[in-house]
Amino acid sequence: MTYPYDLIIVGGGPIGLACAIEAQKKNLNYLIIEKGAIVKSIFNYPLYMTFFSTAERLEIGNIPFNCLAPKPGRQEALEYYRNIHRYFNFNINLFEKVTEVQRLENHIFKITTDKSLYETKNLVIATGFYDIPIEMNVKGEELPKVRHYYKEAHEYAFRDILVVGANNSSVDAALECWRKGANVTMVIRKTEINNRVKYWVKPDIENRIDEGSIKAYFESNITEIRENEVEVETPNGKITINNDFVLALTGYKPDLSFLEKMGIELSKDELKIPTYNAETMETNVEGLFLAGVVCGGMQTHKWFIENSRIHATMIVDYITSK
């Protein structure tokens, strides 16, 4: 490097791309560094996932998201964001992982990746939260039959499946697997299906549970996973369930240790919310910004594409005003 970038964006998801669009508008010299494919988190979603948001709420860069259905699915979103890249021709390095961030004495950030070194005057972290599953920390969780990600139902057809959780991903997986012939049991820590479950799906899962098509144990937790069975603690005592696969869709979390290593302060409670200025998105480290869902710490439901697109404009406007 002979000169620093004006802005480096870590993360090539929709919000990272939105930041790059704003940087282009202001003629900033920028670079996106993404450790996987473009919009990697969406690529890792279940094949037939449908967004809660309508298409126009997923748009970035004022480029229309045309969709025949009321709400787009994973494939349509991937097509849209690929076309966004074709249109803007981002300066983006894919399959390159940031391993270290250092702030030098001259207020420049030194970025080390598994492929190169970079320097930048400003840094945006838009890394999302989908890479680190929240583990159950129970005996047997390391067995191959335990999956923290769900792709599609075919593999689980005609098998005994246990789905952990009652959020959107858990409910979608339970319904899809049941419709493909799986014997589905749900283990749910709370007393009911999560109220944030998509409104057109929630009655479906509740009706399947009420009619007994899908067995659900509420106020219950897995205590041990074995090769052919699972032990569950229920309000009526401990039970053992025959089992072929466990879909532990218990949620995901941002790489909080990565934020702390850069000097970003986190709240002292279990939410681990990063410190940032809500008007500029700048953290307690000058020149270091957060964008998207990573701003919520463990509150991964607080920020999503439609309500964090504005972060891109806030950040770039602040950088260019200085």
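**Exercise 1. Determine which residues T185 touches, leaving aside residues up to four places away in sequence, and whether T185 is buried or exposed.**

Solution. The structure is a predicted model. Begin by locating the residue: T185 belongs to strand β11, which covers residues 183–187. Next, list its contacts; with residues up to four places away in sequence not counted, T185 touches I161, L162, V163, K215, Y217 and I241. Finally, assign the burial class. Buried means under 20% relative accessible area. The relative accessibility of T185 is 8%, so T185 is classed as buried.

**Exercise 2. Compare the span of helix α3 with the expected value, and establish how its buried residues are arranged about the axis.**

Solution. Step one concerns length. Helix α3 comprises 15 residues, 74–88, and extends 21 Å from its first C-alpha to its last. This is close to the 21 Å expected at 1.5 Å a residue.

Step two identifies the buried set: R74, A77, L78, Y80, Y81, I84 and F88. Viewed down the axis of α3, these buried residues lie within an arc of 165°, and they therefore line one face of the helix. A general point underlies such patterns: an α-helix has 3.6 residues a turn, so residues three or four places apart point the same way.

Step three considers the surroundings. The cover over the buried residues of α3 includes α1 (14–25), α2 (40–43) and α7 (305–308). On the face turned away from the buried side are the exposed residues Q75, R86 and Y87. After the helix comes N89, which has a positive phi near 50°.

**Exercise 3. Describe the packing of α1 against α3: what are the angle, the axis separation and the handedness?**

Solution. The two helices pack at an angle of about 20°, and their axes are 12 Å apart. Angles under 35 degrees count as roughly parallel. Hence α1 and α3 are roughly parallel to each other. Their crossing is left-handed. At the level of residues, P14, L17, I21 and Q24 of α1 meet Y81, I84 and F88 of α3.

**Exercise 4. Carry out the corresponding analysis for α4 and α5, and state which residues meet.**

Solution. Helix α4 spans residues 168–179 and helix α5 residues 202–210; their axes come within 10 Å and cross at roughly 55°. This angle makes α4 oblique to α5. The handedness follows as a separate item: α4 passes α5 in a left-handed crossing. For the contact, V171, A174, L175, W178 and R179 in α4 meet D204, I205 and R208 in α5.

Conventions
Residues are numbered from 1 along each chain as its sequence is written. This is a predicted model: local features need pLDDT of at least 70, side-chain atom pairs count only at pLDDT 80 or more; totals for chains, interfaces and linings use all residues. Side-chain values use heavy atoms; hydrogens and water are left out. Helices (H or I, at least four residues) and strands (E, at least two) are DSSP runs, numbered from the N terminus. The expected span of a helix is 1.5 Å times one less than its number of residues. Buried means under 20% relative accessible area, exposed over 50%, partly exposed in between (1.4 Å probe, protein chains only). The arc is that of the directions from the helix axis to the C-beta atoms. Contact means heavy atoms within 4.5 Å. Axes are lines fitted to C-alpha atoms, for helices over the stretch in contact, and angles run from 0 to 180 degrees between N-to-C directions. Angles under 35 degrees count as roughly parallel, over 145 as roughly antiparallel, 65 to 115 as roughly perpendicular and the rest as oblique. A crossing is left-handed if the near helix is turned anticlockwise from the far one by less than a right angle, and right-handed if clockwise.
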